[in-house]
Amino acid sequence: MNGWVLVILVYQLFILCFFKVMFIVHQSLFGVQQGRAYADVDWMNTFIFDMWPFLDKAICNNIKRATRPIFDQYIGSYGIESIEFRQLTLGALPPTFQGIKVYQMQEKELVIEPLIRWASITNVIIDVKVHSFKVPVQLVDLHITVKPRLTLKPLVPSFPGFANLCVSLMEKPHIDFGFKLLGGDVMAIPGLYRFVQDQISKQISILYHWPKVIQIPILDGASGATMKPVGILHVKVIRAMNLLKMDLLGKSDPYVKMRLSGERLPSKKTSVKMNNLNPEWNEHFRFIVKDPETQVLELHMFDWEKVKMHDKLGMQIIPLRLLTPYESKLFTLDLLKSMNPNDPHNKKNRGKLIVELTFDPFREDNSRASVTSDGEGNASLRRDNSSGGGLLLVSVENAENVEGKRHTNPYAEVLFRGERKKTKVIRKTRDPRWSEEFQFMVDEPPVADKIRIEVRSKRRGLPFRNKESLGHVDINLVDVVNNGRINEKYHLINSRNGTIHVEIKWSTV
């Protein structure tokens, strides 16, 4: 095996481990003094030092879990038979925070910039088994100086108070460590030490330097803390060619099932083309995009079966970062058994799928607005809504003073154009807080529409009188379309003192 290939491989693995460590440590940042200057954080360093023996074990266990699939990718390549940790400890000295800047809080967002130094007594030994020989690779004496930017967003009324941790680097990091291969100090090779340090810092800076961001989800969608939509993906499934014959007495009955990564919404499907190995669909679908840099469109081809489980014909993915906004792009995809590059079944020809994708980002709030005057010096801002559709975002925040006759377990129900969506049920409270967001895609501005939001109570068990209305409100959407957003508290009709807080946004493409 080429020794330099092994060195590069291990460097890549350790870089991933470094950032895993830093990310886990960052999650301890729940509070700090505010101000533009660096604040004193001795209390945090004391806390981390006392907790470090336990954090060390927890972080090392996470590193082992995170690197296991990475190790598995290389088994079978370059004669590698196994890759295992012989020893993994981050040492007795934890990272120290030299100071923290906390920037002014924006709407549902907090920005923190800590300065972190770590002179650890790390000892990591990995045994790489190559052609029945064990090759020990050792990392020692890790020193890191890094200045990350941490953005906590959105801020939500659920512990720990934010849904996502976004991390990026404000400056090129300094990383120093010892690296031994077969017991020999590789860093002692003349010229190699400085070259390796510069390359590692450069590559990390390219990947993670601001404005590039790594997003770490903290809360799931059940907390009402999902990413905000940024655009609409238009997918046209055109046709497929030379598909596999799956039916014993016929050909195949193909259909395409698709979804965006990171979404829990149901997948969308094309129609089924019976007994056809070269089907044509020309069917259109739309998806709400939240992160075009990381999301991918997953396409799965199935053979429809009336009785038994549908057979899988193949699959492919398309990263949305390959798209240019507002430009249609045609993709001819070779169908694969799986996305595992080492899967030998991928060598089999499974046919092709042709699709066309267009990503339309939402426009800025006032990019389509115009100023009008009433002739008396009074000006007003009005959005131009002459174009087609967009996305209606309805955020049901909370209600107050709602009360049922028989029970008070409130939930909110949103009704728009026949589509009904519900929040979770909050038991035994007159002041429920949901903070849930619902999305409605429409083909034209809903200037003549109303949206109804009703607060209801639900009781478990008995089938009779298990639901009752606690009040409702009908909201005209013309102001939402013209202004782009409303954020109001409404009195509930048929409720004595009940109110509900709702935010509605209209985004156009």
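Glu-503 and Arg-485 form a salt bridge, and their closest N and O atoms sit 2.6 Å apart. Glu-503 belongs to strand 29 (residues 499–508) and Arg-485 to strand 28 (residues 485–491), so this pair ties together parts of the chain that are 18 residues apart in sequence. The two partners have rather unlike surroundings. Glu-503 counts as buried because its relative accessibility is 6%, under the 20% cut-off. Arg-485, at 36% relative accessibility, counts as partly exposed. Keep in mind as you look around that this is a predicted model.

Salt bridges turn up elsewhere too: a search of the whole structure finds 17 of them. One of these joins Arg-86 and Asp-127, with the closest N and O atoms 2.9 Å apart. Here the link is between distant parts of the chain, since Arg-86 is in strand 2 (residues 80–89) and Asp-127 is in strand 5 (residues 123–130), 41 residues apart. Is Asp-127 buried or exposed? With a relative accessibility of 10%, Asp-127 counts as buried.

Another salt bridge to find is the one between Glu-436 and Lys-424, where the closest N and O atoms are 3.3 Å apart. Glu-436 sits in strand 25 (residues 433–442), while Lys-424 sits in the loop between strand 24 (419–422) and strand 25, so the pair ties together parts that are 12 residues apart in sequence. Glu-436 is buried, at 14% relative accessible area. Lys-424 is partly exposed, at 33%.

While you're at strand 25, take a look at Ser-435, which is also found there. Ser-435 has a positive phi of about 50 degrees, although it is not a glycine. Why is that worth a second glance? Because most residues other than glycine have a negative phi. Ser-435 counts as buried, with 10% relative accessibility.

Asn-275 shows a positive phi as well, near 50 degrees, and it is a residue other than glycine. Where is Asn-275 found? Asn-275 lies in the loop between strand 14 (268–269) and strand 15. At 44% relative accessibility, Asn-275 counts as partly exposed.

Follow the chain on into strand 15 (residues 280–289) and you'll meet Phe-287. Phe-287 is buried, with a relative accessible area of 8%. Pick out Arg-259 as well: Phe-287 and Arg-259 are 28 residues apart in sequence, and their C-alpha atoms are 8.1 Å apart in space.

You can play the same game with Lys-329, in strand 18 (residues 329–334). How far apart in space are Lys-329 and Leu-357, C-alpha to C-alpha? The distance is 5.4 Å, for two residues that are 28 apart in sequence. Lys-329 itself is partly exposed, at 36% relative accessible area.

Now for the surface. Which residues gather in a patch of positive charge there? The patch is made up of Arg-427, Lys-428, Lys-458, Arg-460 and Lys-467. Arg-460 is a good place to start, in the loop between strand 26 (450–458) and strand 27 (467–476). Arg-460 counts as exposed because its relative accessible area of 67% is over the 50% cut-off.

Strand 27 also holds His-472. In contrast to the exposed Arg-460, His-472 counts as buried, at 11% relative accessibility. The side chain of His-472 makes a polar contact with the side chain of Arg-452, at 3.4 Å.

There is a surface patch of another kind to visit, this one nonpolar. Phe-47, Met-51 and Phe-54 make this patch, which covers about 330 Å². Met-51, one of its members, has its place in helix 2 (residues 42–74). How accessible is Met-51? Met-51 is partly exposed, with a relative accessible area of 33%.

Note on methods: Residues are numbered from 1 along each chain as its sequence is written. This is a predicted model: local features need pLDDT of at least 70, side-chain atom pairs count only at pLDDT 80 or more; totals for chains, interfaces and linings use all residues. Side-chain values use heavy atoms; hydrogens and water are left out. Patches are made of residues with over 30% relative accessible area and no salt bridge: like charges are joined within 9 Å, nonpolar side chains (Val, Leu, Ile, Met, Phe, Trp, Tyr) within 5 Å. Accessible areas come from the Shrake-Rupley method with a 1.4 Å probe; for residues, only the protein chains shown count as cover. A salt bridge is a side-chain nitrogen of Lys or Arg within 4 Å of a carboxyl oxygen of Asp or Glu. Lys and Arg count as positive and Asp and Glu as negative; His and the chain ends are not counted. The place of a charge is taken as NZ of Lys, CZ of Arg, CG of Asp or CD of Glu. Helices (H or I, at least four residues) and strands (E, at least two) are DSSP runs, numbered from the N terminus. Buried means under 20% relative accessible area, exposed over 50%, partly exposed in between (1.4 Å probe, protein chains only). A polar contact is a pair of N or O atoms within 3.5 Å; within protein, one must be able to donate a hydrogen and the other to accept it, and residues adjacent in sequence count only if both atoms are side-chain atoms.
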